[in-house]
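Open your viewer and get ready to click around. We'll go from one residue out to its neighbours, then on to the sheet and the ligand.

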Amino acid sequence: MPSWRAAPPALSPGVAAGEGCRASRRGILSRQSLSPDGPTEELVLPARLVVLVSGTGTNLQALLDACADPAYGADVVAVGADRDDIEGLARAQRAGLPTFVVRVPDHAQRDDWDAALTEAVAANQPDLVVSAGFMKIVGKRFLERFTMVNTHPALLPAFAGAHAVRDALDYGAKVTGCTVHLVDTGVDTGPVIAQAPVEVRPDDDEASLHTRIKDVERALLVDVVGRMSRGGWQVSGRKVHLK
Ligand code: GRF
């Protein structure tokens, strides 16, 4: 059973930083134990994942497939979205998972939406929230409550934002790729956890390039989320170390 040092206070919303961080059990499932180098908190597996989606959900599907193996160390306990009638929600429903939808237009203020999303996610007591093609920026309140991982279809800090694949093509980049990172209050600015390159071919259009990026992206996301769930992680400044 892996163990982590207790997390220090978060230094910025959404990104706990310092010498030892861990997937948060929010005091619900963690238990204290002693080791030669001091008190630790033991991880109780499987880690609980809430996955947020806005589209087809192939990254969600990759996580669902991985979670079918108990050795993976995580379970998707709920799937949330910012819109109805998307394939990502249908995938969750076919898997028998609870789903929720929190739409921005249903709220008077953006902050009200953020509060509603925070409560909907919190109801599922996640250890980790995964943004898997979730096309909304969450607020400070959300990030103070949860650790969130995002997958982005470019090699950050290049081509942040909602049109990363098109932007890389338009720029004439010869290599792009994908990034899995911790989410902070900026747009695709959180500390990088892992990246993988993808070659841009001369005959690529946005669809063909995105398809090849997503093939790599799914594997990277599954690897990172599994490692975080099983072993925890450390953040030092902008450096993220998976145990
Ligand atoms: C991924 O490329 C993700 O990085 C981007 O949107 C895509 C989502 O794909 N933000 P899917 O919905 O998981 O198939």
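**Stop one: V79**

Select V79 and you land in strand 7, residues 74-81. (Strands are DSSP runs of E with at least two residues, helices are runs of H or I with at least four residues, and both are numbered from the N terminus.) Before going on, know that this is a predicted model, where local features need pLDDT of at least 70, side-chain atom pairs count only at pLDDT 80 or more, and totals for chains, interfaces and linings use all residues. Residues are numbered from 1 along each chain as its sequence is written.

Is V79 buried or exposed? V79 counts as buried because it has 28 C-beta neighbours inside 10 Å. The cut-offs: 20 or more other C-beta atoms within 10 Å of a residue's own means buried, 12 or fewer means exposed, and in between is partly exposed, with C-beta atoms placed from the backbone. In the protein chain, 40% of the 243 residues are buried.

Now show what V79 touches. Leaving aside neighbours within four places in sequence, V79 is in contact with V51, V53, L60, G88, L89, A92, L97 and T99 (contact means C-beta atoms, placed from the backbone, within 7 Å). Try L60: its C-alpha atom is 8.7 Å from that of V79, though the two are 19 residues apart along the chain.

**Stop two: the sheet**

Select strands 6 to 12 next. They form an open sheet of 7 strands in the order 8-7-6-9-10-11-12, with mixed pairing (strands pair if DSSP finds at least two bridges between them). Strand 8 (99-101) and strand 12 (192-199) are at the edges with a single partner strand each, so one side of each has no neighbour in the sheet. From one strand to the next, the twist averages 20 degrees.

Zoom in on strands 10 and 11: they run antiparallel, joined by 4 bridges. For one partnership, click N150, whose bridge partner in strand 11 is H181.

**Stop three: helix 1 and the ligand**

Helix 1 lies across strands 6, 7, 9 and 10, at about 155 degrees to strand 7 (axes are lines fitted to C-alpha atoms, for helices over the stretch in contact, with angles from 0 to 180 degrees between N-to-C directions).

Finally, select the ligand. Around it are 15 residues, with G55, T58, N59, G133 and P153 the closest. Which helix gives the most to this shell? Helix 1 does, with 3 residues.

How values were computed:
A residue is near a molecule or strand if its C-beta atom, placed from the backbone, lies within 6 Å of it. Two residues are in contact if their C-beta atoms, placed from the backbone, lie within 7 Å.
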